[in-house]
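Dear colleague,

I am passing on the structure we spoke about, and I would be glad if you kept it open while reading the notes below.

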Amino acid sequence: MPKKKTGKRKKSKSVVEQDHHFLSIYRHKRIDFKELAAKYGDFDLSLEKLKKRRKEAGVKNKGACFSTHVDFDFNSSLTRALLRHDFGVELPVLPEGTLCPPVPNRLNYVCWIRELLNCFVEGENEFDLQAGNEHCQGIDIGTGASCIYPLLICTARDPKDGELLFPKWRMLATDIEPASVSCALKNVNANSLGQRIHVHLEEAMEVRKGDGRSRTDMTFSEGVYQHGGELGFVKSILKDSFRIQNRIRWYTSMFARKSSLVAMENILREAGLGYRNIKTTRFQQGKTARFGIAWTFSVVPLRSVAARVSNNVFSFQVSTNYHSQLDAIDEVTSRICTFCDEFRKMRLEYNIIASQDSRIIDISVATTHLQDAKASVTGEIKFPLSAHHADVECNDALLCLQLRSTLPNQEENGCIVEVSFKCYSRSKEGNQIISTVQHILQSEVTRTNRKWKRLKKDAEARISEC
């Protein structure tokens with residue numbers, strides 16, 4: 001009889017990679033407990049204690065639940081070992097009972113912030129590393145005893161070239177608990193980062209209360225805020241953000257519950273924020289999932305990574321009767337311009353950039369948005385919108401067309417012109433417009449729609465009559 005399979009299947013490498021952001025050093029590097037134990041004695045001791053507890057509990061299967069027997073001592077020693085090994089960061093002060101942050105999860109969040117910065121970079125680069133080289137300042141609200149986010153922002157490096165992700169950033173770390181501020185300050189000074197990280201004690205505006213559950217070592221208690229738990233806390237940040245608006249580029253937060261993420265996203269949309277001004281993500285670490293949300297009041301550049309439409313690249317070919325490549329390109333360019341001039345559903349504006357062997361045509365589409373002076377009301381919070389009531393026209397969709405021609409072969413009557421698209425949109429309406437324009441433009445330029453079939457049939461009829 002075949003042996004019965006026991007235990008759980010190992011994660012494939014691709015699944016492990018999906019757990020980490022593409023800028024995370026842990027995406028292609030597993031955390032090796034044996035390596036960490038060999039280098040750091042405090043972690044080695046904690047690991048042996050954990051193995052002993054599992055043995056005493058009768059756990060024989062290595063694939064059994066690992067976190068059941070984990071305690072604060074093991075978590076804190078693992079966090080310290082990872083910070084030393086991968087970031088050169090010391091964490092001398094982390095009192096028991098305070099939050100012990102899981103490093104890979106916090107690094108995912110930091111990498112996501114780095115990705116958000118790229119949303120405002122104009123250009124075609126998939127990921128422009130210059131976006132993080134600005135002299136920026138970040139604010140960490142509720143930094144905790146570890147001060148983990150500011151420490152990672154100042155030390156995290158690109159896994160490919162080892163360059164700092166935020167080389168010129170400065171951080172303001174705030175908390176309302178004096179003990180946490182004292183610990184955070186000691187951890188910052190231990191890494192000689194006092195010039196880049198400023199720790200500040202804030203006065204609590206509202207009384208906090210627990211929800212009857214003990215704080216865990218791996219995450220926070222969602223009910224420590226009196227008004228609405230974690231969602232109530234982020235709502236208060238949102239309320240402040242409407243007063244500050246563009247003074248801060250991105251407002252971000254992390255949720256433990258997906259329901260909170262969905263509710264917050266709906267609140268932001270009801271408050272009048274646009275399609276491209278809200279970003280969400282999922283941080284998956286094993287079986288544990290966290291959810292990130294970000295919003296901005298800044299205008300996202302239309303020709304940028306943030307506005308790039310999914311399935312961005314689209315192309316089709318146009319057959320011509322011309323044997324000259326330039327003549328073929330000019331003919332297709334003329335067809336596209338005629339299409340834009342005669343398009344009745346909306347106004348299409350185009351700009352032609354000519355080069356020696358190609359043409360680039362930018363087609364922009366203006367859409368109308370209604371700005372209303374009335375406040376958006378969500379629950380008990382009122383978010384003021386614009387101070388006037390008007391129809392505002394703005395370019396929310398952009399189609400970048402590039403035309404290139406190939407010489408005809410023996411089986412072809414003329415040159416073939418390839419028309420390739422790159423599309424950008426700042427709204428759902430823009431996405432729909434792009435889809436419509438793409439479909440109609442292709443059939444019009446290739447002359448395969450009813451209109452051109454009818455004209456061809458009429459022309460053939462006139463020739464037969466003659």
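The largest nonpolar core of this predicted model has 57 residues, and those with the most contacts inside the core are Phe43, Leu83, Phe87, Phe166, Trp169 and Ile197. If you would like to trace this core along the chain, the elements that give two or more residues to the core are the helices α2, α3 (41-56), α4, α5 (103-117), α6 (148-155) and α7 (178-190), together with the strands β2 (170-175) and β3 (197-201). The largest share, 9 residues, comes from α5. There is also a second, separate core, which has 29 residues and includes Val309, Leu348, Leu403 and Val437.

After the cores, I looked for enclosed empty space. Rolling a probe the size of a water molecule over the atoms shows where such space is left. In this model the count comes to 1 cavity of 30 Å³ or more, and about 50 Å³ of space lies in the largest cavity.

Which residues line the largest cavity? They are Tyr26, Lys29, Arg30, Ile31, Asp32, Glu35, Leu36, Leu82, His85 and Asp86, and the elements that give two or more residues to this lining are α2 (33-39) and α4 (72-87). The largest share of the lining, 3 residues, comes from α4, a helix that also gives two or more residues to the largest nonpolar core. By residue type, the lining of the largest cavity divides into 4 nonpolar, 1 polar and 5 charged residues.

With best wishes

Conventions: Residues numbered from 1 in each chain as written. Predicted model: local features only at pLDDT ≥ 70, side-chain atom pairs only at ≥ 80, totals over all residues. Heavy atoms only, no water. 1 Å grid on protein atoms, 1.4 Å probe; cavity = no way out; pocket = protein on both sides within 12 Å on 5 of 7 lines; lining within 4 Å. Points joined across faces, edges and corners; volume = space filled by probe spheres on them. Helix = DSSP H or I, 4+ residues; strand = E, 2+ residues; numbered from the N terminus. Nonpolar A, V, L, I, M, F, W, Y, C, P; charged D, E, K, R; others polar. Core = buried A, V, L, I, M, F, W, Y, C linked by side-chain atoms within 4.5 Å. Buried < 20%, exposed > 50% of the residue type's maximum accessible area, 1.4 Å probe, protein only.
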